[in-house]
Amino acid sequence: MTDTSGTPHHPVGRRTVLIATGATAATLAVGAVAAAPGAPAAPDTAPVAAAAVCTLTKEMTEGPYYLDGQYVRADITEGKAGIPLKLTLTVVDDDTCVPLAGALVELWHADALGEYSGFVGNNGHDEPDDGTFLRGGVLTDARGVAAVTTVYPGWYRGRCVHIHVKVHTNVTVTPDGHFTGGQEIHTGQLFFNETVTAAVARVSPYSTNKVTRTTLAQDSIYDEGGAASGLLTLTALGSTPAAGYTGTLTLGVER
């Protein structure tokens, strides 16, 4: 593995801005919260956080495993074994909290054995490699929301469990379902609560990954910044880790 030093694949500045007021800030979480079943949808023109809390999500290294031009699709699993993970990522303008509709949220991450598609074998496992599993992008809806189905990531030597994310604007979806063009406005990573990851690590096939796991506190990239640094809000889908989790976060980006 080569992604152990925290050296960016290309330099990316770390920035953060927080605008909040009084008790309102205490009641509006930075992480996006899924609406209760049956609740009416918010008007498409309403800012996600009513402009009370705006956080510019810190940018972080792209790392060595990016492959461009992936599929635009809501499910990136491709049958990979693992604990279900349902992500709800809300993209907002960090200055106004207005949602960004039609932005492409692109994700890529390792499978349960710590292998990336296109680079299988770097974590010591032999498995089929089509160059596309656990990779893809979703266009945000009118509320700035991108919903993605995947599996809980595994780990590889030197890094804690994480998901890479980019946000693009003005992309073109090609007839064969890929994307091209546009402007890349954010590069970051999503991180996971250590207690949840420790429970996941005891479940097969994660438990068969014998590479020493780097914890969140030991990681060279995560900076203890919470949601502003990409820490997801995780909610269990059932009574055991195998049932899966939802993960929510608001990505504040600069247009």
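This tour moves through the structure from the whole chain to the sheets, two buried strand residues and the aromatic rings.

**Before selecting anything**

The model is predicted; local features need pLDDT of at least 70, side-chain atom pairs count only at pLDDT 80 or more, and totals for chains, interfaces and linings use all residues. Residues are numbered from 1 along each chain as its sequence is written, and side-chain values use heavy atoms, with hydrogens and water left out.

**The whole chain**

Begin with the cartoon view of the protein, which contains two helices and 12 strands. Helices (H or I, at least four residues) and strands (E, at least two) are DSSP runs, numbered from the N terminus. Read from the N terminus, the order of elements is β-α-β-β-β-β-β-β-β-β-β-α-β-β.

Next, display the surface. The protein exposes about 10900 Å², of which carbon and sulfur atoms supply 55%; accessible areas come from the Shrake-Rupley method with a 1.4 Å probe, and for residues only the protein chains shown count as cover. Of the 255 residues, 49% count as buried. Buried means under 20% relative accessible area, exposed over 50%, and partly exposed in between (1.4 Å probe, protein chains only). Among contacts with a separation of 6 or more, 78% join residues 24 or more positions apart; a contact means heavy atoms within 4.5 Å.

**The mixed sheet**

Select β6, β3, β12 and β11. These four strands form an open sheet in the order β6-β3-β12-β11, with mixed pairing; two strands pair if DSSP finds at least two bridges between them. Which strands stand at the edges? They are β6 and β11 (233-236), each with a single partner strand, so one side of each is left without a neighbour in the sheet. Neighbouring strands of this sheet are turned by 20 degrees against each other on average, direction ignored. For such values, axes are lines fitted to C-alpha atoms, for helices over the stretch in contact, and angles run from 0 to 180 degrees between N-to-C directions.

Now restrict the view to β11 and β12 (residues 245-253). The two strands are antiparallel and share four bridges. To locate one pairing, pick Thr235, whose bridge partner in β12 is Thr246.

**The antiparallel sheet**

Select β5, β4, β7 and β10. An open sheet of four strands runs in the order β5-β4-β7-β10, and its pairing is antiparallel. The edges belong to β5 and β10 (183-191); each has a single partner strand, so one side of each is left without a neighbour in the sheet. From one strand to the next, the twist averages 20 degrees. Between β4 and β5 there are five bridges in the antiparallel sense. Leu107 has Gly136 as its bridge partner in β5.

**Two buried strand residues**

Centre the view on Thr150 in strand β6. Thr150 is buried, with a relative accessible area of 2%. Beyond residues up to four places away in sequence, Thr150 touches Ile76, Thr77, Ile83, Pro84, Leu85, Leu87, His109 and Leu134. From Thr150 to Leu107 the C-alpha distance is 9.8 Å, with their positions 43 residues apart in sequence.

Then move to His186 in strand β10. Is His186 buried or exposed? His186 is buried, its relative accessible area being 2%. Apart from neighbours within four places in sequence, the contacts of His186 are Thr57, Lys58, Glu59, Val165, Lys166, Val167 and Val253.

**The aromatic rings**

Display the aromatic side chains. The whole structure holds eight aromatic pairs. Rings of Phe, Tyr and Trp (its six-membered ring) pair if their centres lie within 6.5 Å; planes under 30 degrees apart count as stacked, over 60 as edge-to-face and the rest as tilted.

Select Tyr65 and Tyr156, an edge-to-face pair at 5.8 Å centre to centre with 90 degrees between the planes. Tyr65 lies in the loop between β2 (54-55) and β3 (84-93) and Tyr156 in the loop between β6 (145-151) and β7 (162-169), so the pair ties together parts that are 91 residues apart in sequence. Both Tyr65 and Tyr156 are buried.

Add Tyr116, which forms an edge-to-face pair with Tyr156 at 5.5 Å centre to centre and 70 degrees between the planes. Tyr116 is in the loop between β4 (104-108) and β5 (135-139), 40 residues from Tyr156. Tyr116 is also buried. Adding Phe119 completes the selection: Tyr65, Tyr116, Phe119 and Tyr156 form one aromatic cluster.

**Charges over rings**

Finally, select Lys80 with Phe133. The charged end of Lys80 sits over the Phe133 ring, 4.2 Å from its centre; a charge sits over a ring if NZ of Lys or CZ of Arg is within 6 Å of the ring centre and within 35 degrees of the ring normal. The last stop is Lys166, which lies over the face of Tyr66 at 4.9 Å from the ring centre.
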